[in-house]
Amino acid sequence: MSGAVHPQVARVAALLRGAGLVPREGADIETVRADLERLAAFASADSVPLPGERLLSVPAPGRAVPCKLYPPEGGAPPGLLLYCHGGGFRHGTLAGWDAPLRQLVRDSGLAVLSIEYALAPEYPFPAAFEEVVAVASQVMAEGGVAGLSVARFALGGDSAGANLALAAALALRDAGVEPLACLLLFYGVYAKETDSASWRLGGVGGQGLSAASMREYWRTYLPDDDSDWRVQPLHGDLRGLPVTRLVVGELDPLLDQNRALHGELENAGVASELVVAPGLIHGVLRFNELASVVRDLIAEEARALARFFR
């Protein structure tokens with residue numbers, strides 16, 4: 001591994017800085033959310049919608065959860081990936097993940113349902129966790145969503161969304177729900193620790209994630225400082241989970257947590273595949289329209305996802 005930021009990623013970071021699209025440090029949450037949406041719109045400007053993609057909602061305790069369905073073109077898909085976006089439990093929208101999820105669908109042939117779970121601080125823990133579990137449980141029990149019928153399901157997500165996906169998978173297992181085909185988790189945060197060696201990579205390559213920002217995300221998400229397996233799935237009982245694919249950048253502050261989860265999954269008898277991408281930082285998925293190295297990463301993971309559904 002090179003230890004240097006991939007030149008395409010460095011170019012994207014410079015492009016965003018030059019366009020004034022880097023979220024402002026110290027700004028309030030609403031300002032940062034707006035900054036991130038402008039960034040997402042810029043990064044995904046060339047993304048072509050799928051013909052059948054559509055917004056919908058799935059009932060959950062307390063509210064109807066907004067979701068977006070991305071069906072593949074032509075033919076019935078072999079399965080559906082329920083996906084949770086990243087954003088530190090307090091940022092992120094459905095539209096912000098259009099570009100990478102469209103590519104994932106096109107390259108895998110699977111359908112994706114993106115879940116716009118409740119964000120902190122308006123909805124602190126356990127609201128997001130409970131909504132993801134409720135949506136997944138209902139969609140799986142009904143064998144599909146919005147007229148799309150499938151027989152097999154997977155859970156996935158990135159960053160905070162990967163945390164929610166893994167915790168939801170544990171909850172579904174405990175509830176006796178039909179086993180998932182797999183988990184596809186991109187650079188997830190799986191525990192509250194922020195002092196391992198890889199946290200020194202915070203800020204490298206322009207990435208916004210650092211130990212300090214992660215502690216702030218936890219503070220916002222967990223006003224009561226909860227710490228059970230729903231918050232820290234790394235420390236939960238991982239037995240009985242499906243094959244799990246972990247993808248993380250070489251320069252991501254969450255590298256150590258992903259390596260630790262890989263080891264804990266193997267210790268629990270779970271088939272685990274760890275991909276460490278050279279030169280990549282945290283949060284790169286949404287730059288697939290700007291960097292071929294990210295497109296290549298998503299294409300590789302789409303092939304892996306399709307393999308799990310054969």
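How many nonpolar, polar and charged residues are in the lining of the second largest cavity? I began my notes with that one, working on a predicted model.

**Entry 1: cavities**

I searched the whole structure and found two cavities of 30 Å³ or more. My opening question was about the second largest cavity, and its lining has eight nonpolar residues, one polar residue and no charged ones. I noted a volume of about 30 Å³ for this cavity. Its lining is made up of Tyr187, Val247, Val248, Gly249, Ala277, Leu280, Ile281, Val284 and Leu297. Strand 9 supplies the largest share, three residues.

Next I looked up the largest cavity, which holds about 40 Å³ of space. I listed Tyr83, Pro100, Leu101, Leu104, Phe186, Leu285 and Ile298 around it. By class, I counted seven nonpolar residues in that lining, with no polar and no charged ones. Helix 3 gives the most here, with three residues.

**Entry 2: helix 3**

Since helix 3 had come up, I checked how covered it is. I found nine of its 11 residues buried, so I wrote it down as mostly covered. The buried set is Asp98, Ala99, Pro100, Leu101, Arg102, Gln103, Leu104, Val105 and Ser108. What do these residues pack against? I found strand 2 (63-70), strand 3, strand 4 (111-115) and helix 8. Just after the helix comes Gly109, with a positive phi near 80 degrees.

**Entry 3: helix 8**

I then moved to helix 8, residues 292-308, and tested its length. With 17 residues at 1.5 Å a residue, the helix should span 24 Å, and its end C-alpha atoms are 24 Å apart, so the two agree. I found these residues of helix 8 buried: Val293, Val294, Leu297, Ile298, Ala299, Glu301, Ala302, Ala304, Leu305, Ala306 and Phe308. Two names were already in my notes: Ile298 from the lining of the largest cavity, and Leu297 from that of the second largest. The buried residues of helix 8 pack against helix 1, strand 3 (80-84), helix 3 (98-108), strand 8 (183-186), strand 9 (244-249) and strand 10 (272-277).

**Entry 4: nonpolar cores**

Which residues have the most contacts inside the largest nonpolar core? I got Leu80, Leu82, Leu113, Val135, Leu155, Leu164 and Tyr221, in a core of 65 residues. Helix 5 (residues 160-174) gives the most to this core, with 11 residues. A second, separate core has 46 residues, including Val9, Leu16, Phe186 and Phe287. I had already met Phe186 in the lining of the largest cavity.

I took Leu80 for a contact list, leaving out residues up to four places away in sequence. Leu80 touches Leu69, Ala111, Val112, Leu113, Val139, Val145, Val150, Arg152, Phe153, Ala154 and Phe309.

**Entry 5: pockets**

The largest pocket has about 1,200 Å³ of space. I found 45 residues lining it, and Pro23, Leu36, Gly208, Leu209 and Tyr217 lie nearest its centre. Helix 1 (7-18), helix 2 (29-43) and helix 6 (211-221) are the elements that give two or more residues to this lining. By class I have 19 nonpolar, 17 polar and nine charged residues.

The second largest pocket has about 170 Å³. I found 13 residues in its lining, with Arg33, Gly92, Thr93, Glu116 and Leu119 nearest the centre. They divide into five nonpolar, three polar and five charged residues. Helix 2 gives the largest share of this lining, three residues.

**Entry 6: backbone checks**

I looked up cis peptide bonds and noted two in the loop between strand 4 and helix 4 (127-142). One joins Ala120 and Pro121, with omega about 5 degrees. The other runs from Phe125 to Pro126, with omega near 10 degrees.

I also looked at positive phi in residues other than glycine. Tyr187 has phi near 35 degrees, and Asp225 has phi near 55 degrees. Are these residues buried or exposed? Tyr187 has a relative accessible area of 4%, under the 20% cut-off, so it is buried. Asp225 has 53%, over the 50% cut-off, so it is exposed. Tyr187 is in the loop between strand 8 and helix 6, while Asp225 lies in the loop between helix 6 and strand 9.

**Entry 7: Ser198**

My last look was at Ser198, in the loop between strand 8 and helix 6. Ser198 is buried, with a relative accessible area of 5%. Beyond four places in sequence, Ser198 touches Asp252, Pro253, Leu254, Leu255 and Asp256.

Definitions and conventions
Residues numbered from 1 in each chain as written. Predicted model: local features only at pLDDT ≥ 70, side-chain atom pairs only at ≥ 80, totals over all residues. Heavy atoms only, no water. 1 Å grid on protein atoms, 1.4 Å probe; cavity = no way out; pocket = protein on both sides within 12 Å on 5 of 7 lines; lining within 4 Å. Points joined across faces, edges and corners; volume = space filled by probe spheres on them. Helix = DSSP H or I, 4+ residues; strand = E, 2+ residues; numbered from the N terminus. Nonpolar A, V, L, I, M, F, W, Y, C, P; charged D, E, K, R; others polar. Core = buried A, V, L, I, M, F, W, Y, C linked by side-chain atoms within 4.5 Å. Buried < 20%, exposed > 50% of the residue type's maximum accessible area, 1.4 Å probe, protein only. Contact = heavy atoms within 4.5 Å. Expected span 1.5 Å × (residues − 1).
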